[in-house]
Amino acid sequence: MSDRTTPPMHALPDGEAELALVVRLPWEDVARLGQEAGRLAAQMQRPVTLDEAVSHRLRSARVPAPAAHARTEQPAAVASLPRMSGSA
């Protein structure tokens, strides 16, 4: 039925792991990743692939998980969403 297999995972010498994935994204998200790669390339003064941009984005989005008993006002993802006008 399906010829999909579990993607291989490789241990890297720096202690990280590399996992190959196939991800389906809308073109708008691909464009945002391209913009992120451009910003990162300017910062690092070298060409940057979309793979690197995704890895950088995932690493920079990492936030330590709060303790089970701790409560936050809003999750970061919700706080960053644009506010809708018209209702309070």
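**Salt bridges and a helix face, questioned**

Reader: Why does Asp 29 count as partly exposed?

Author: This is a predicted model, and in it Asp 29 has 27% relative accessibility. Buried means under 20% and exposed over 50%, so Asp 29 falls in between.

Reader: What makes Arg 32 and Asp 29 a salt bridge?

Author: Their closest N and O atoms are 2.4 Å apart, and the cut-off is within 4 Å, so the pair qualifies. Arg 32 and Asp 29 sit three residues apart in helix H1, so about one helical turn separates them. Arg 32 is partly exposed too, at 49%.

Reader: Why is Glu 36 called buried?

Author: Its relative accessibility is 8%, and buried means under 20%, so Glu 36 makes the cut. Glu 36 still has a partner: it forms a salt bridge with Arg 57, with 2.8 Å between the closest N and O atoms. That pair links helix H1 to helix H2, 21 residues apart. Salt bridges with shared partners join Glu 36, Arg 39 and Arg 57 into one network.

Reader: How do you know that the buried residues of H1 line one face?

Author: The buried ones are Leu 33, Glu 36, Ala 37, Leu 40 and Ala 41. Looking down the axis of H1, they fall within an arc of 140°, so they line one face of the helix. They pack against helix H2 (50–61), while Trp 27 and Glu 28 are exposed on the other side of H1.

Reader: And what makes Val 23 exposed?

Author: Val 23 comes in at 54%. Exposed means over 50%, so Val 23 passes. Val 23 also helps make a nonpolar surface patch of about 510 Å², along with Met 9, Leu 19, Leu 21 and Leu 25.

Notes. Residues are numbered from 1 along each chain as its sequence is written. This is a predicted model: local features need pLDDT of at least 70, side-chain atom pairs count only at pLDDT 80 or more; totals for chains, interfaces and linings use all residues. Side-chain values use heavy atoms; hydrogens and water are left out. Patches are made of residues with over 30% relative accessible area and no salt bridge: like charges are joined within 9 Å, nonpolar side chains (Val, Leu, Ile, Met, Phe, Trp, Tyr) within 5 Å. Accessible areas come from the Shrake-Rupley method with a 1.4 Å probe; for residues, only the protein chains shown count as cover. A salt bridge is a side-chain nitrogen of Lys or Arg within 4 Å of a carboxyl oxygen of Asp or Glu. Buried means under 20% relative accessible area, exposed over 50%, partly exposed in between (1.4 Å probe, protein chains only). Helices (H or I, at least four residues) and strands (E, at least two) are DSSP runs, numbered from the N terminus. The arc is that of the directions from the helix axis to the C-beta atoms. Contact means heavy atoms within 4.5 Å.
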